[in-house]
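Welcome, and please take a moment to look over the model below. This briefing walks through its nonpolar packing and its aromatic pairing.

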Amino acid sequence: MKNNELLGTLALVNPELEHDPGGRKGNIGIITYVDSLENQVYLSFEAGGEGRYPAAELMRLKDRDRFFPDLMKNASNLDLNDFKALFKISNLQDMGRGQDQWQALEIARDNPGVWEGSLESLSESISYIKASMIGR
């Protein structure tokens, strides 16, 4: 994965962020630049403006192929509303349009019970980028 592979990806500023000088916690933005050496990600927000955050403070949707099998395997252990939210997220990801991805991330954001199953820290992706840059 290279820096430019994350460009255009939707990211959620962690809604539980304690220190947010930009006041954007819980907002969804589009990744415009990744500084993997400094572990910083630049986002552009729908309402205007930009922000810079450490990758660990941002979340993105897990790939459907990663969380859908777990969803089906653990369906009997999930709260019904959490199951419904995860299922909606999965269906929206299948549609693949940008607006569907945005809506899926909004559903995940608004349902803390599904964060573990549907979201991952962006720092995992950045770590992978760093490792691939060092290996060159």
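The points below cover the cores and then the aromatic rings of this predicted model.

**The largest nonpolar core**

- This core holds 20 residues, and the members that touch the most others are Leu 12, Ile 28, Leu 61, Ile 89, Leu 105 and Leu 119.
- Two or more residues come from each of β1 (10-13), β5 (58-61), α2 (64-73), α3 (80-95) and α4 (98-109).
- Helix α4 is the top contributor, giving five residues to this core.
- If you would like one residue to centre your view on, try Leu 105: leaving aside residues up to four places away in sequence, Leu 105 touches Leu 10, Ala 11, Leu 12, Ile 28, Leu 61 and Leu 119.

**A second core**

- Separate from the largest core is another one of 13 residues, with Ala 11, Val 41, Ala 55 and Leu 58 among them.

**Aromatic pairs**

- Searching the whole structure turns up two aromatic pairs.
- One of them joins Phe 83 and Phe 87, whose ring centres are 6.0 Å apart. Their planes meet at 20 degrees, so this pair counts as stacked, the cut-off being under 30 degrees.
- Both residues sit in helix α3, and because they are four residues apart, about one helical turn separates Phe 83 from Phe 87.
- Are these two rings buried or exposed? Phe 83 is partly exposed, at 22% relative accessibility, and Phe 87 is also partly exposed, with a relative accessible area of 33%. Buried would require a value under 20%.

How values were computed: Residues are numbered from 1 along each chain as its sequence is written. This is a predicted model: local features need pLDDT of at least 70, side-chain atom pairs count only at pLDDT 80 or more; totals for chains, interfaces and linings use all residues. Side-chain values use heavy atoms; hydrogens and water are left out. A nonpolar core is a set of buried Ala, Val, Leu, Ile, Met, Phe, Trp, Tyr and Cys residues joined through side-chain atoms within 4.5 Å. Buried means under 20% relative accessible area, exposed over 50%, partly exposed in between (1.4 Å probe, protein chains only). Contact means heavy atoms within 4.5 Å. Rings of Phe, Tyr and Trp (its six-membered ring) pair if their centres lie within 6.5 Å; planes under 30 degrees apart count as stacked, over 60 as edge-to-face and the rest as tilted.
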